[in-house]
Amino acid sequence: IALGTVTNVEEAVKWLSYTYLYVRMRANPLAYGINYKTFQMDPALELYRKELVVETGRKLDKARMIRFEERTGYFASTDLGRTASHFYIRYNTIETFNEHFNSQSTEADILRILSKAEEFDQLKVRDEELEELDQLLNNYCQLPAAGGVENGYGKVNVLLQTYIGRGEVESFSLISDLSYVAQNAARIARALFEIALRKRWPAMTYRLLKLCKVIDKRLWDFAHPLRQFPNLSHVILNRLEEKRLTVDKLKEMKKDEIGHMLHHVNIGLTVKQCVHQIPAFTMEASTQPITRSVLRVRLIITPDFRWNDQVHGSVGEPWWLWVEDPINDHIYHSEYFLLQKKQVVTKEPQHIVFTIPIFEPLPSQYYIKAVSDRWLGAEALCAINFQNLILPERHPPHTELLDLQPLPVTALGNREFESLYKFTHFNPIQTQIFHTLYHTDTNVLLGAPTGSGKTIAAELAMFRVFNKYPSSKVVYIAPLKALVRERIEDWKVRIEEKLGKKVVELTGDVTPDMRAIAQADLIVTTPEKWDGVSRSWQNRSYVQKVAILIIDEIHLLGEDRGPVLEVIVSRTNFISSHTSKSVRVVGLSTALANARDLADWLGIRQVGLFNFRPSVRPVPLEVHIHGFPGQHYCPRMASMNKPTFQAIRSHSPAKPVLIFVSSRRQTRLTALDLIAYLATEDNPKQWLHQDEREVCEHPVLFPTPSLQSSFRDQM
């Protein structure tokens, strides 16, 4: 389920048929509680397998390891289940964690919970071990061992603490048990750390990461960090602890001072080298509020230690980083990153950018904590202060869709305009904005969802120019050449042929002569092309004749091509002020978060601002959000293909479907995966509604012979 190969009961039943359990159940049904009559009626054990899957699904759902919707039979993975799967943690162990693990647990509580894991159930206490276990408890256990040496989990606790304290064990059975405990405890501790991190408990996350390193290094966290270096003798390390010479103090001291303090002059240089090899860095955070509830944090990490291949390896040092709110005891962001060897050697800073939520009233501060994944005592802290943070102004609410009577197309008052439309009435959004667009000259910003009829809104603004200022020109700017082409194909027929208005395309591919542009009533162009043309506005009379500038997809102002749009609008306002002839600006966009800011920049008062909610759609839309946790791109994309297939089957088995992916290569990979899933169905060609040969020979779908042959092979 965590891998995504099993997503429902049907697939789980099929998956069980591939296991050795199924072979054994069929060979010896009585041993599995299947009576002879049941086996005779269901020789493939399909009903029994289904019962088994449903019962297991209920148990896993109760333990919060999966989400099982019994009505539909669908399974969904959870963070807890993924962690258990990744670290091979058994179901009963997770049940124990759910019962005893909380954000207030101490180190002793964590060891007690860890010792009760089902993985250690087979470890029994033998009478001959009791005496030695008592000695180990007294000599090596720094934390209380719950349950004492008489209980199995108490024995596990004692052996684990003995392992950390590097204690000597004499009994052969205890040596074997100690080895088993050491191997499994590290894995289970890592699982507990991930669980705490997913639950967003900062203190517990920090405690568990420290415990993981304590087990890995076999060193208690109160020991001196230099004990992690094997080239320093116990005598020197004991003296360092006696003198209470911390790493920070040692960094400030000279090698001779250290040598004199330790009564060993020559060792000063070695200690100094080791101190500077403990991973460390400085953090500098800058914040930028995106909205009143979202804050962008830019973190600059500068390494501050010396790299040694024998100590650090040859790749990099792994670190965990999280942002915690000390008042609410919550982690708002966490990530794992690698400090590369090259960055440490060249002192090259690493930049990390992420967003976190903020709440009003603003807290005094958040903390960014970075802790090494391998080194004890290697951590850094940086405070984010909110005292001087200036939040953006509150955005006005979205425009409410009024309950108006739909306006008939006859409201245009022009038979030629009315004949362009096949419908009889405008939709609710068009009805609400009709008066402002068709009967006034105010600038307009229209933010509305896709498919709500924004192109018709643009046409209403054009018709006003055709009516009132017939000698003036309309400029329509679309962000892509493909969109310009689409508009040209439509308007050449509807506006040029039916209305007799000259329509001209002006892009990088198509540049008509000056006479054609001068005679045009409607110029359809791209931002870059119009920017180039309008620069010489004094010498080009047709630029001065523009009465309206319609910018489609104006929300792209924030993207790479935004500066070009910005220049166009600013230049339009400049031309207006010099020719004393106002140019109307109409901006079309999807629903915006900060419409008021954009409207102010376009010089729009409250009258011309229409920013409808994303939910205001002529065709209702139902949104289902499915999260995918993969950190790396390729596996994450691959894990989305099966749920996509299931979604198509359940929501739209017969109607057209659109799947958006991030690259051309991924389009092919997803398509091939969907074909592979179809191949396992009873009717593998259920989505094919025409002859295979026609599909293969389609020049757009399969432009190359290799794609055609690949598709034929899959079919």
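Buried means under 20% relative accessible area. In this predicted model, strand β7, residues 350–357, has a covered face made up of Gln350, Ile352, Phe354 and Ile356. The uncovered face of β7 holds His351, Val353, Thr355 and Pro357.

**Strands β3, β4 and β7**

Strand β7 has a partner in β4, which spans residues 294–303. The two strands pair in the antiparallel sense, and eight bridges join them. Within this pairing, Leu299 stands opposite Ile352 of β7.

Leu299 also appears among the contacts of Met283, a residue of strand β3 (residues 281–289). Met283 has a relative accessible area of 15%, so Met283 is buried. Leaving out residues up to four places away in sequence, Met283 touches Leu299, Ile300, Ile301, Leu321, Ile368, Ala370, Ala380, Leu381 and Cys382. Met283 can also be placed relative to His351: the two are 68 residues apart in sequence, and their C-alpha atoms are 10.0 Å apart in space.

**Nonpolar cores**

The largest nonpolar core of the model contains 69 residues. Phe97, Phe101, Phe120 and Leu208 have the most contacts inside this core. Which helix gives the most residues to this core? That helix is α10, residues 172–199, with 13 residues.

Phe97 touches Ile89, Ile113, Ile188, Leu192 and Ile195, when residues up to four places away in sequence are not counted. A second core, separate from the largest one, has 47 residues and includes Phe229, Leu240, Cys382 and Ile384. Cys382 is also one of the residues touched by Met283.

Ile113, touched by Phe97, is a buried residue of helix α7, residues 107–115. The other buried residues listed for α7 are Ala108, Ile110, Leu111, Leu114 and Ser115. The buried residues of α7 pack against four helices: α6 (91–100), α9 (152–164), α10 and α11 (202–217).

**Cysteines**

How many disulfides does a search of the whole structure find? The search finds zero. A disulfide is a covalent bond between the sulfur atoms of two cysteines. The cysteine sulfur closest to that of Cys141 belongs to Cys212, and because the distance is 19 Å, the two are too far apart for a bond. From the side of Cys212, the nearest cysteine sulfur is that of Cys141, again 19 Å away, and Cys212 is in no disulfide. Cys141 is buried, at a relative accessible area of 16%. Cys212 is buried as well, at 2%.

**Aromatic pairs and a cluster**

The model has 25 aromatic pairs. A pair of aromatic rings is described by the distance of the centres and the angle of the planes. Two of the pairs are set out below.

| Pair | Distance of centres | Angle of planes | Arrangement |
|---|---|---|---|
| Tyr476 and Trp491 | 4.9 Å | 90° | edge-to-face |
| Phe610 and Phe612 | 6.4 Å | 10° | stacked |

Why is the pair of Tyr476 and Trp491 edge-to-face? The planes stand at 90°, and planes over 60 degrees apart count as edge-to-face. Tyr476 lies in strand β11 (residues 473–477) and Trp491 in helix α21 (residues 481–497), so that the pair links distant parts of the chain, 15 residues apart. Tyr476 counts as buried at 1% relative accessibility, and Trp491 counts as buried at 0%.

The rings of Phe610 and Phe612 have planes at 10° and therefore form a stacked pair. Phe610 is buried, with a relative accessible area of 8%. Phe612 counts as buried at 0% relative accessibility.

One aromatic cluster is formed by Phe417, Tyr421, Phe423, Phe426, Phe434, Tyr438, Phe463 and Phe466.

**Charges over rings**

Lys116 has its charged end over the ring of Tyr153, at 4.9 Å from the ring centre. Another lysine, Lys217, lies over the face of Trp375, 4.8 Å from the centre of the ring.

**Ser576**

Ser576 is in helix α25, which covers residues 562–579. Is Ser576 buried or exposed? Ser576 counts as buried, at 14% relative accessibility. Apart from neighbours within four places in sequence, Ser576 is in contact with Lys581, Ser582 and Val583.

Conventions: Residues numbered from 1 in each chain as written. Predicted model: local features only at pLDDT ≥ 70, side-chain atom pairs only at ≥ 80, totals over all residues. Heavy atoms only, no water. Core = buried A, V, L, I, M, F, W, Y, C linked by side-chain atoms within 4.5 Å. Buried < 20%, exposed > 50% of the residue type's maximum accessible area, 1.4 Å probe, protein only. Contact = heavy atoms within 4.5 Å. Pairing = 2+ DSSP bridges. Disulfide = S-S within 2.5 Å. Phe/Tyr/Trp six-rings, centres within 6.5 Å; stacked < 30°, edge-to-face > 60°. Lys NZ or Arg CZ within 6 Å of the ring centre and 35° of its normal.
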